Structure formats: C-alpha cells, structure tokens
Amino acid sequence: MVETDILIIGAGPVGLFTVFEAGLLKMRCHLVDSLGQAGGQLNEIYPKKPIYDIPGYPSILAGNLTENLLKQIEPFKPGFTLGERAEKLEKTEDNKFKLTTSKGTTICAPVVAIAGGLGCFEPRKPPIANIDQYEDCGIDYIIKDPEIYRGKKVVVAGGGDSALDWSIILADIADEVALVHRRTSFRGALDSVEKVMHLANQGKIKLITNAQVTGLAGEEHLTSVIIEEDGKENYHYHTDHFIPLFGLAPKLGPIGEWGLEIEDNAIVVNTFDYSTNIPGIYAIGDINTYPGKLKLILCGFHEGTLMVQSAFKHIYPDQKLSFKYTTVAGVNGFE
Amino acid sequence: MDNNIIKVIVTDRDGVDHVLEAPTDMAMNMMEVCKSYELPVEGICGGMALCASCHMYVLSDHDLPELSEDEENMLDQAFFVKANSRLGCQIKITEDIDGLKVQLAPVGGE
C-alpha cells in the first residue's frame, strides 16, 4: 500500500501544480489518473494547441505546459499511479482515506484532493436502446484480445483511427469484417485509410458507408445489427460481434458515488478552502463548482494553492503554519 | 437589427422554442449563446470542436460556412447525426445568421 500526505486524484495541470504548493509546506503527494500519462485534457485532447491565459506565458502549447509543470514539481518527488481509475474510497480506522484503483492498487492518505477535471475518459456508447443487454455477449467498446474474434463475424463502427486500425487487424483474424461509417470519407491516418480501401477492394473488409447501426438483435448473444443506410430500407446484418469505436468522452464515474455533494456533474465546495462536504476531501479545478466558478487552469492553480493550507491544518491541527515566499525561502525539495 | 444584436431561435429537447438575442460584436458562437441563456448545451471542450457536446440541427435555410474537417471529424464521434447536423461552437454569431433556427440534438450514448 502506498502512503502519502495528499492523495491527488487527477494528474492534469491543477493536480500537478498542487504537488508544488503542497511541497512548499513539506507535504508529499501521490497522483492517480485513469489516463496512461500525466497532463489530463492538455495531453489527451489538445497537446498541440496554444493556451494564451497562463500568466507570464504569452502563448504556450498545452503539451509544453504539462512538461514544465512536471519539471517544476520534480523536487517534491510525487508518486504516480497512471492508467488506473480511482474506484473505491473508504475511511480507515485512524481517520485516513484508503483509495482502491481499478487495478487493485491501494493508496492511503489523511487528505484527498480531487482534481479530476471532466472526470475519467471512457468509450462513448452509441445510444442504441438495448445495448446494455449485449455487453459481454457480443458488444465490446475496447478490444482487449483480438484473438477472441478468430473465425467470427465482426461489425466495427466509427470513422477514426481506432476503427480503421482494428478493421485492418481483424481482417486477418476474423471470418468477416464489416466497417460501418456515417459518411464516405474517413478521418484516420492516410495510409490506414488506403489500407482499408485496399482490403475492401480485395473483399476482406466490407465497407458500409453513409450508414449507422441503429439496432441490435439476438436471443442471449448478439446475432445481428440493424443498419440504417442512406437510400435503403433498414436491414439486419448478421454478426457475432459489434465493436463501436466512437472515441472517448469524459464521465464523472465512481467519484459520483463517494457521498460527495454533487451539482450538475461537479463537486460542490466551500470557496474558503475548496473543501467538500466530507472533511479531509477537497475538490479543485474543473471538477468543482461554486458561485462564480470559471473553468480555467489559472483558477485551478489558485484553488490548489489555498487548498493545501487547509490540508496542512487538517493533517497537523496543532502545528502553526508560517507562510513563506519562494523568492525568500527558495524551493527546498525532498531528499 | 439594432445595435449589433441578432435573434436566433433554438428548439430545446422538449420541443419548446426559445428566441435568443445574440451580439454580433463579441466573437460568440451558438454554443456560447445557448449556454448564456442556460439552455442544456454542455460545450465540454469550450469550443474547440473537440467534444461534440453542442451538436445541433440547422432548421432554417441560412447559408452557413462549410463544415471544417475538424467539425466533420467530431461529428463522426457524435450520435443522431443528420445531413443538417452542426456543432454549435462552430457557428459564429454574425449578421448573416439573423433569424437562424436550430434544434438541439438529443443527448445519449455519452
């Protein structure tokens, strides 16, 4: 089990900078993120886009801001658990919190700071009425092991890189692969598009364009999808598996079940110290809400800075906290 | 049209029409206008054509700028996409769209 002072859920810009502010007060941090890399939205959604409202930077690319933040917090040696979703949060007997991740890692800390941004990124599920019924019996949103499709009929839907790449891989493994897409052009990498077209010409991938899957059928296991294609009557298409690949969308996820006060998918906090309704749990950055809230990185930095002052008093109720400027005191990292 | 204000009509998901006034001189887009009137438009990504949570249908025959490649790509990840689908964040508030009529696309599958 990992033990730390502040457990930060979310390794986006706000979570990262909080490590710095906590470090100045001699508190150690451990970050957990469902994504496989630090940076949150900055790296996942727009790494190459410029941000113009970071004080002191007339313009900085999102990916570079993450790099700089990681460098800035290096002296405070944060721990990272990446690629694991924060799943369960329990109170321990000694008044701490124990977090268990989706992969079973446990982290214990007296203070939890939720810097979860928009939530965790999960595959977008098509809004097909009975889709839940076929999960694990014909529908997969993520391909874990392509071998399970050997000799089977597979329908892939989507128009991006993952839909193209998996169609190419499955063309060699599955008995039959159909790729359903809402228009005729694909947005993926040019050579993937060319490969798919080539395989389609060879009859190894059946391309069904200007079409979408709108229904599912089958007794227990999926046996066919219903396809709505321009200029045709809706029809059944026989298949053993349906793999919708429509990218990732953020969801609040398990955080919503921890007993925190939630309003419009955000955690309600007290702006005095960004504390939630549960003492010891704070929420900072895009995931919190309060009157006048603005979802800006710079506001998140401010929130994290005030929050660690309160976290210090929560952890060390009997100690006096003296405030020092970095210019005077310097940055004294951990050994 | 007075003082750079245009009117747009937004049909919400309950079929109710809302007449919204929008300024043409504040670099706004349809997603932002809907949000400022507290209509249920998420606009998660803040207008970068990166999330498709401001998906709407254009009902009037206004001549809108063509869809950009980014917008088409995002619509690939949306659901209930039709020929008149647009992302609200990519429709800029200009004099040309005075009287524009749009309908919010259903949510779901997110």
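A crossing of two helices is called right-handed if the near helix is turned clockwise from the far one by less than a right angle, and left-handed if anticlockwise. With that in hand, let us walk through this predicted model.

**Helix H1 and its partner**

By that convention, H1(A) and H6(A) cross in a right-handed way. The angle between H1(A) and H6(A) is about 35°, and their axes run 9 Å apart. On the H1(A) side, the contact is formed by Pro13(A), Val14(A), Phe17(A), Thr18(A), Glu21(A) and Ala22(A). H6(A) contributes Ile297(A), Gly300(A), Phe301(A), Gly304(A), Thr305(A) and Val308(A). Sorted by type, the residues of this contact are 7 nonpolar, 4 polar and 1 charged. The spacing along each helix may look familiar: an α-helix has 3.6 residues a turn, so residues three or four places apart point the same way.

How much of H1(A) is buried? Of its 12 residues, 11 are buried, so the helix is mostly covered. The buried set includes Gly15(A), Leu16(A), Val19(A), Phe20(A) and Gly23(A). Besides helix H6 (297-315), the buried residues pack against strands E2 (6-9), E3 (29-33) and E10 (111-114) and helices H2 (41-44) and H3 (62-73) of chain A. After H1(A) comes Lys26(A), with a positive phi near 65°.

**Helix H4 and the domains**

H4(A) has its own buried residues, namely Ser162(A), Ala163(A), Leu164(A), Trp166(A), Ser167(A), Leu170(A) and Ala171(A). These pack against strands E12 (153-157), E13 (176-180), E14 (205-208) and E18 (241-244) and helix H5 (190-201) of chain A.

For both helices, the length can be checked against a rise of 1.5 Å a residue. H1(A) should span 16 Å and its end C-alpha atoms are 17 Å apart, which agrees. For H4(A), 18 Å is expected and the ends are 19 Å apart, which agrees too.

The domain assignment divides chain A into domain 1 (2-122 + 249-329) and domain 2 (125-246). Their C-alpha centres are 38 Å apart.

**Two loop residues with positive phi**

Most residues other than glycine have a negative phi. Here are two with a positive value:

| Residue | Phi | Loop | Other C-beta atoms within 10 Å |
|---|---|---|---|
| Asn210(A) | near 50° | between E14 and strand E15 (211-217) of chain A | 14 |
| Ala27(B) | near 50° | between strand E2 (17-23) and helix H1 (30-36) of chain B | 9 |

Which of the labels, exposed or partly exposed, fits Asn210(A)? With 14 such neighbours, Asn210(A) is partly exposed. Ala27(B) is exposed because its count of 9 falls within the limit of 12 or fewer.

Note on methods. Residues numbered from 1 in each chain as written. Chains lettered and ligands numbered in written order. Predicted model: local features only at pLDDT ≥ 70, side-chain atom pairs only at ≥ 80, totals over all residues. Helix = DSSP H or I, 4+ residues; strand = E, 2+ residues; numbered from the N terminus. Expected span 1.5 Å × (residues − 1). Buried ≥ 20, exposed ≤ 12 C-beta atoms within 10 Å, placed from the backbone. Contact = placed C-beta atoms within 7 Å. Domains from an automatic or database assignment. Axes fitted to C-alpha atoms, helices over the stretch in contact; angles between N-to-C directions. Nonpolar A, V, L, I, M, F, W, Y, C, P; charged D, E, K, R; others polar.
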